[in-house]
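Reader: I should be grateful for a close look at one part of this structure, namely its sheets and the helices described alongside them. Please take the strand pairing as the starting point.

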Amino acid sequence: MDHVSHRILIIEDEEPIAELLEYGLRQEGYETRTALTGGEGIRLAAEEQPDAVLIDWMLPDCSGIDLCRMFTRKYNMPILMLTARSRTDDKVQGLEAGADDYITKPFEMREVLVRIKAVLRRSQRFTEQEKPLSLPGGLCVRPQEMTATLDGNPIELTPREFELLLYLLRRPGRVLTRSMLLEELWGYEYAGDSRTVDTHIQRLRKKLGDSMNIETVFGVGYKYAP
């Protein structure tokens, strides 16, 4: 299979759920590593360098949200949150912590597989040949390396934030609706939750400062205005 070498780290304290995820992922050709605690997950992430990680919201020794924040700072890999919480505010909290996607319990294995495949496919887009993009404000983006610097200093971006940044840069002056961004970057209709886009735009603006002008088109979406 084309994803046979992809390694997925599962951090889930409920053994039946962890075993279900392991079995389903291995049936699809993925390699898996499983941690039943946050501490074990931290160790395995450092040792194994997985291609993506599934993190349960509630862990016995730490918060999955805190773990997500830690991984976002240290690693450049997609993070999917597993949660029994379905409120929009809870989902936004996960996204603000750096998660690229979330899966609500109870879930069907095919949903997990589709979402993992989607985040891995998106994270691999940047292996294509493309020259660095430099802006007058000191921002330099290197698609192949999935890195961005501001005045020579690295900017910490999640894979989803980096993809959103590139998507805007490649379409200067074009108005991009929230629904378009949801469909193109998240790969599916995100339950009509436009706050997902708004949250990521706010995070980008905060990290980029005045180096890139991302304008709000009220009632519609956003555009990069060079």
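Author: Two strands are taken to pair if DSSP finds at least two bridges between them. The model under discussion is predicted. Strand E7 (residues 139–142) and strand E8 (residues 147–150) satisfy that criterion, being joined in the antiparallel sense over 4 bridges. Within this pair, Val141 has Ala148 of E8 as its bridge partner.

E7 and E8 belong to an open sheet of 4 strands, ordered E6-E7-E8-E9 and paired in the antiparallel sense. At its edges are strand E6 (133–134) and strand E9 (153–154), each of which pairs on one side only. Helix H6 (residues 159–169) lies across E6, E7 and E8. With respect to E7, the helix H6 runs at about 105 degrees.

Another open sheet has 3 strands in the order E10-E12-E11, again with antiparallel pairing. Strand E10 (176–177) and strand E11 (214–217) stand at its edges with a single partner strand each, so one side of each is left without a neighbour in the sheet. Between E11 and strand E12 (residues 221–224), which run antiparallel, there are 4 bridges. Val217 is found opposite Gly221 in E12. Helix H8 (residues 195–208) lies across E11 and E12, and its direction makes an angle of about 150 degrees with E11.

A further helix, H3 (residues 64–74), may be described by its faces. Its buried residues are Gly64, Ile65, Leu67, Cys68, Phe71 and Thr72. Viewed down the axis of H3, these buried residues fall within an arc of 155 degrees, so they line one face of the helix. The face turned away from that buried side carries Arg73 and Lys74, which are exposed. At the N-terminal end of H3, Ser63 acts as a cap: one of its side-chain oxygens lies 3.1 Å from the backbone nitrogen of Ile65.

One member of the buried set, Phe71, also takes part in an aromatic contact with Tyr75. The structure holds 1 aromatic pair. That pair is formed by Phe71 and Tyr75, with 5.6 Å from centre to centre and 80 degrees between the planes. Planes over 60 degrees apart count as edge-to-face, and the pair of Phe71 and Tyr75 is therefore edge-to-face. Tyr75, like Phe71, is buried.

Key: Residues are numbered from 1 along each chain as its sequence is written. This is a predicted model: local features need pLDDT of at least 70, side-chain atom pairs count only at pLDDT 80 or more; totals for chains, interfaces and linings use all residues. Side-chain values use heavy atoms; hydrogens and water are left out. Buried means under 20% relative accessible area, exposed over 50%, partly exposed in between (1.4 Å probe, protein chains only). Helices (H or I, at least four residues) and strands (E, at least two) are DSSP runs, numbered from the N terminus. The arc is that of the directions from the helix axis to the C-beta atoms. A polar contact is a pair of N or O atoms within 3.5 Å; within protein, one must be able to donate a hydrogen and the other to accept it, and residues adjacent in sequence count only if both atoms are side-chain atoms. Contact means heavy atoms within 4.5 Å. Axes are lines fitted to C-alpha atoms, for helices over the stretch in contact, and angles run from 0 to 180 degrees between N-to-C directions. Rings of Phe, Tyr and Trp (its six-membered ring) pair if their centres lie within 6.5 Å; planes under 30 degrees apart count as stacked, over 60 as edge-to-face and the rest as tilted.
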